[in-house]
Amino acid sequence: MSAALRNIRRPNLPTTSIRVGTSYASLDLWYVDLDVSAETPGCFSHWLSDDELDRAERFHSDLDRARYVVGRIALRRVLADRLGCPPAAVRLAYGRNGKPMLAGGRGHLEFSLAHCGGDAVIALTECAAIGVDIELLRPVPDVESLARLVFSEVERRELELAPDPVSAFLNGWTRKEAYVKALGLGLTAPLTEIIVSLSGTAALLSTGLRGQSASDWRLLNVPHPRAVVAVALGPHPESTGATSGESGEPRRPSR
Ligand SMILES: CC(C)(COP(=O)(O)OP(=O)(O)OC[C@H]1O[C@@H](n2cnc3c(N)ncnc32)[C@H](O)[C@@H]1OP(=O)(O)O)[C@@H](O)C(=O)NCCC(=O)NCCS
């Protein structure tokens, strides 16, 4: 890896083969420091596609622009290493809700990117859907109001009983976001129909979607020095017949 890209490192992860449903999926994670030297974005921006450069131009804040560019440089570096091609040759396409994926017959390699402040995470797997989320450990005022927007009734009850409501909220939110990113639905997913655990043990308890069984999915938390990081792994989109980065159909709300 290039000397100028020492901001990309693997976390200390004890296992890289995760049981998903009845099979096993590889998991490769990379942590990225987005706040690198001011020269880095310029030095490597020729790796980016025209649409990535256009998007970078639309950021109002220089800091946000630089972080976006460094995130995409890191993503291209990691994907290029896996694919055995130059970073600029990695072609990305986007699902209906914006999920990036490899263009031109996606093959077996799936990835997900998340960032929060100056930290990003890239997750890679083969033959499975994958989503990742990162939230910096910080005080979160009024978790109950946020929970009303994004948590199910079951989750809100668990939050009320939690000894540390902020860490319970961050656990639940990162797990849920990792799952909806694996589906490719993002925030268009029926968030209050999905149920995840909020405790120390990550689990998907209800998918909120027709045609998706919670037992086919694995949620896990991975250690990070200043953030909560959650990864979701599930059935590969091709095995569920989904296209364009979305899988599953919203279940009709029960209320
Ligand atoms: C995906 C989404 C949940 C990201 O949430 P976030 O907390 O702001 O950001 P994160 O750091 O966790 O993830 C951002 C990354 O997720 C990826 N991403 C974007 N859309 C995605 C989707 N639908 N599914 C999975 N991943 C997605 C991208 O790699 C993005 O990084 P980028 O800035 O390099 O492009 C949210 O943006 C979303 O739901 N988008 C889809 C719906 C949509 O576009 N609505 C527009 C309404 S105005």
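This short talk walks through a predicted model, moving from a sheet and its helix to a buried strand, the nonpolar core and the surroundings of the ligand.

Let me start with the sheet, which is an open one built from 4 strands in the order E1-E4-E8-E7, with antiparallel pairing. At the edges stand strand E1, residues 8-9, and strand E7, and because each of them has a single partner strand, one side of each is left without a neighbour in the sheet. Helix H3 packs on this sheet, where it touches E1, E4, E7 and E8, and the direction of H3 makes about 25° with that of E8. Inside the sheet, strand E4, covering residues 28-33, pairs with strand E8, covering residues 119-126, in the antiparallel sense over 6 bridges. If you would like one pair to look for on the screen, take Tyr31, whose bridge partner in E8 is Val121.

After H3 comes a loop that leads to strand E5, residues 92-94, and Ala89 is found in that loop. Is Ala89 buried or exposed? Ala89 has 12 other C-beta atoms within 10 Å, and a residue counts as exposed at 12 or fewer, so Ala89 is exposed. Although Ala89 and Leu48 are 41 residues apart in sequence, their C-alpha atoms are 9.2 Å apart in space.

Now let us turn to strand E14, residues 227-235, where 9 of the 9 residues are buried, so that this strand is largely enclosed by the rest of the structure. Which strands pair with E14? One is strand E9, residues 128-136, which pairs with E14 in the antiparallel sense over 9 bridges, and here Ala128 stands opposite Pro235 of E14. Another is strand E13, residues 218-222, which also pairs with E14 in the antiparallel sense, over 5 bridges, with Leu220 having Val231 as its bridge partner in E14. E13 and E14 form a hairpin, with 4 residues between them.

Within E14 I would like to stop at Gly234, which has 28 other C-beta atoms within 10 Å and is therefore buried, given that the cut-off for a buried residue is 20 or more. Leaving aside residues up to four places away in sequence, Gly234 touches Val20, Ala128, Ala129, Ala182, Asp216 and Trp217. Tyr68, by contrast, lies 166 residues from Gly234 along the chain, and the C-alpha atoms of these two are separated by 27 Å.

The next topic is the core. The largest nonpolar core has 66 residues, and those with the most contacts inside it are Val121, Ile122, Ala123, Ile130, Tyr179, Val231 and Ala232. If we take Ile130 as our example, and again leave out residues up to four places away in sequence, what does it touch? The contacts of Ile130 are Glu110, Phe111, Ser112, Ala123, Thr125, Ala182, Val231, Ala232 and Leu233.

Finally, let us look around the ligand, where there are 18 residues, of which Asn97, Gly98, Lys99, Gly186 and Leu187 come nearest. The elements that give two or more residues to this shell are helix H3, residues 62-83, strand E7, residues 109-116, and helix H6, residues 165-183. The largest share, 4 residues, comes from E7, the strand we met at an edge of the sheet. Sorted by class, the shell has 5 nonpolar, 8 polar and 5 charged residues.

How values were computed: Residues numbered from 1 in each chain as written. Predicted model: local features only at pLDDT ≥ 70, side-chain atom pairs only at ≥ 80, totals over all residues. Core = buried A, V, L, I, M, F, W, Y, C linked by C-beta atoms within 7 Å. Contact = placed C-beta atoms within 7 Å. Near = placed C-beta within 6 Å. Nonpolar A, V, L, I, M, F, W, Y, C, P; charged D, E, K, R; others polar. Pairing = 2+ DSSP bridges. Axes fitted to C-alpha atoms, helices over the stretch in contact; angles between N-to-C directions.
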